[in-house]
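Please open the model in a viewer and set the display to cartoon, with side chains available on request. The stops below are arranged so that each selection leads to the next.

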Amino acid sequence: MLTHRITWPMALLAGMVAMQISGCSDPQPMAIIESNNESLLQFDNGKLIQFKEKPSPQYRHIPCDLPAVNTVVANDMAVAAITQNGDVITWGNSFSGGDSREVAAELKQVKQVVPIKEGFAALREDGTVVYWGRAGKLSLDKALQSRMTNITKLYANREAVAALDASGKVHTWGYGAEGGNSQHVQDKLFDVVDIFAEGRSFTALKKDGSTVIWGQVERSTNMKKLLPQLMDVVSVEYTQGTYAALKKDGSVVTWGQSSDVYSIRSALLDVASITSNSCAFAILSPTGEAHFWGNETNCGIDWLKQTDIKGVNSIVSVGTGFLLLRDNAVPQILVDDSDYAYLYGFHYAQDILNRYWQEGSKITPGSASFVFTRPDGKVVPVGYRANLDNVEKLIARIPRLTWLARAGEGYVGISEKGEWVSWSMNNEMFAKSPVPPADSLVIKPLDFTPVAQCETPEQRQVILSQERPKPEVKMWLFSE
């Protein structure tokens with residue numbers, strides 16, 4: 001299978017599983033799973049720790065008796081977990097997939113679950129597919145479900161699902177405008193080997209090197225002119241309605257909202273890697289030259305126009321900017337340096353990097369911040385529009401960590417003593433001066449005890465014995 005993300009050097013970039021101590025027999029953290037209402041930390045022994053919940057009236061709580069799980073995924077409002085015996089257990093908003101009672105008997109021997117905005121799709125070991133969640137535009141037609149056999153993998157964007165079968169054919173459902181309807185390209189969807197699902201469309205990569213694209217992106221792009229160029233694609237990156245595909249020959253093809261690359265078009269002929277952040281793309285040549293393009297309104301204009309940047313080994317995405325990594329040098333941060341960025345950007349980031357960076361530090365990117373962990377164990381967070389004094393106080397308080405991951409606007413880590421360590425990089429709080437670090441930093445014992453507000457077996461039995469509640473209907477009032 002082809003992969004769609006550039007893999008950064010492991011010596012420099014710490015991902016979701018970072019800085020683990022080898023040979024430790026204690027449960028080791030694996031990943032953070034988040035919805036709008038809930039945050040969970042998954043461990044390699046199948047345990048989950050819930051550290052945030054904002055329930056609504058129709059919210060099913062996490063089961064108190066949840067068995068060991070292998071995989072956990074979340075959509076906006078609900079969570080689905082595959083247990084070690086292949087069953088699927090759900091909780092969260094009842095109408096977004098948190099209540100799966102109608103398909104509970106079918107959710108056995110499941111090997112994959114993918115989330116979409118208001119539901120989930122599960123792939124079973126026998127190659128069949130089950131969908132549950134809010135009906136309507138996202139529902140799976142029973143006739144299509146019966147025709148889908150020997151499915152090998154599911155792919156989902158925000159509002160549609162694509163199922164790839166063993167023969168290389170693709171079946172889709174969900175919101176038609178965002179890829180749920182693929183009838184107009186169905187005669188081309190054969191011999192597919194992989195699918196890129198992001199934004200509001202799908203990109204299928206075929207055995208012969210050709211590409212098929214369908215979904216909302218078609219409204220803004222002349223796809224008939226573009227598709228012949230999309231041969232031998234090895235990776236695809238996406239941000240804010242714009243796509244960039246890297247081909248085997250090192251050239252790049254772009255499409256979507258911010259696909260105008262006129263100013264750097266010559267640089268797109270010899271590219272080693274593409275990196276996307278929340279509003280822009282960075283390309284790196286085999287000789288270490290970096291170039292940028294993207295949404296100038298959200299990213300700022302000046303830094304996107306920078307040229308003659310050389311000697312770069314790799315590029316890391318950080319919020320609305322990029323970190324450029326070079327041999328034996330402090331990373332360089334490139335972000336909007338306008339007045340707007342002074343209020344909302346990384347205006348102290350380079351100062352912190354210059355002061356605290358050590359060669360061999362590991363980087364953990366966040367949504368609007370980043371952290372680097374030095375070889376000596378010092379953990380250094382760099383906040384979005386953060387007050388320098390507040391960040392340095394936080395640096396002094398964070399203990400040495402064995403694991404670290406992004407969680408919402410902050411981070412969660414495990415200390416060398418086995419403690420739970422978390423802090424927020426909340427924009428408004430860290431922009432104030434001074435803010436006591438204790439307002440953000442939390443250090444407490446690691447506790448696997450079920451949360452107080454969990455669903456007991458007795459409560460679950462009562463809920464399932466009653467008729468499923470009807471979704472709340474919002475009434476719109478208009479005044480003259």
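The tour visits a sheet, a hairpin, a helix pair and a set of salt bridges.

The model is predicted: local features need pLDDT of at least 70, side-chain atom pairs count only at pLDDT 80 or more, and totals for chains, interfaces and linings use all residues. Residues are numbered from 1 along each chain as its sequence is written, and side-chain values use heavy atoms, with hydrogens and water left out.

**The sheet**

Select residues 314-318 and 332-334, which are strands S23 and S25, the edge strands of an open sheet, each pairing on one side only. The sheet has three strands in the order S23-S24-S25, with antiparallel pairing. Strands (E, at least two residues) and helices (H or I, at least four) are DSSP runs, numbered from the N terminus; two strands pair if DSSP finds at least two bridges between them. Add S24, residues 321-325, which is joined to S25 by three bridges. Leu 323 stands opposite Ile 333 of S25.

**The hairpin**

Next, select S27 (residues 369-373) and S28, which pair in the antiparallel sense over five bridges. Ser 369 has Gly 383 of S28 as its bridge partner. Five residues separate the strands of this hairpin, and Gly 377 in the turn has a positive phi of about 95°. In S28 (residues 379-383), five of five residues are buried, that is, under 20% relative accessible area, where over 50% is exposed and in between is partly exposed (1.4 Å probe, protein chains only).

**The helix pair**

Move to H5 (residues 349-356) and H6 (residues 388-397), which pack at about 40° with axes 11 Å apart. Axes are lines fitted to C-alpha atoms, for helices over the stretch in contact, and angles run from 0 to 180 degrees between N-to-C directions. Show Ile 352, Arg 355 and Tyr 356 of H5 against Leu 388, Val 391, Glu 392 and Ile 395 of H6, which make the contact (heavy atoms within 4.5 Å).

Within H6, Lys 393 forms a salt bridge with Asp 389, the closest N and O atoms being 3.4 Å apart; a salt bridge is a side-chain nitrogen of Lys or Arg within 4 Å of a carboxyl oxygen of Asp or Glu.

**The salt-bridge network**

Which residue forms a salt bridge with Arg 60? Select Glu 455, whose closest N–O separation from Arg 60 is 2.7 Å. Arg 60 lies in strand S4 and Glu 455 in the loop between S32 and H8, so the pair ties together parts 395 residues apart in sequence. Arg 60 is buried, at 8%, and Glu 455 is buried, at 4%. Finally, display the network of salt bridges that links Arg 60, Asp 65, Asp 99, Arg 101, Glu 102, Glu 455, Arg 460 and Arg 468.
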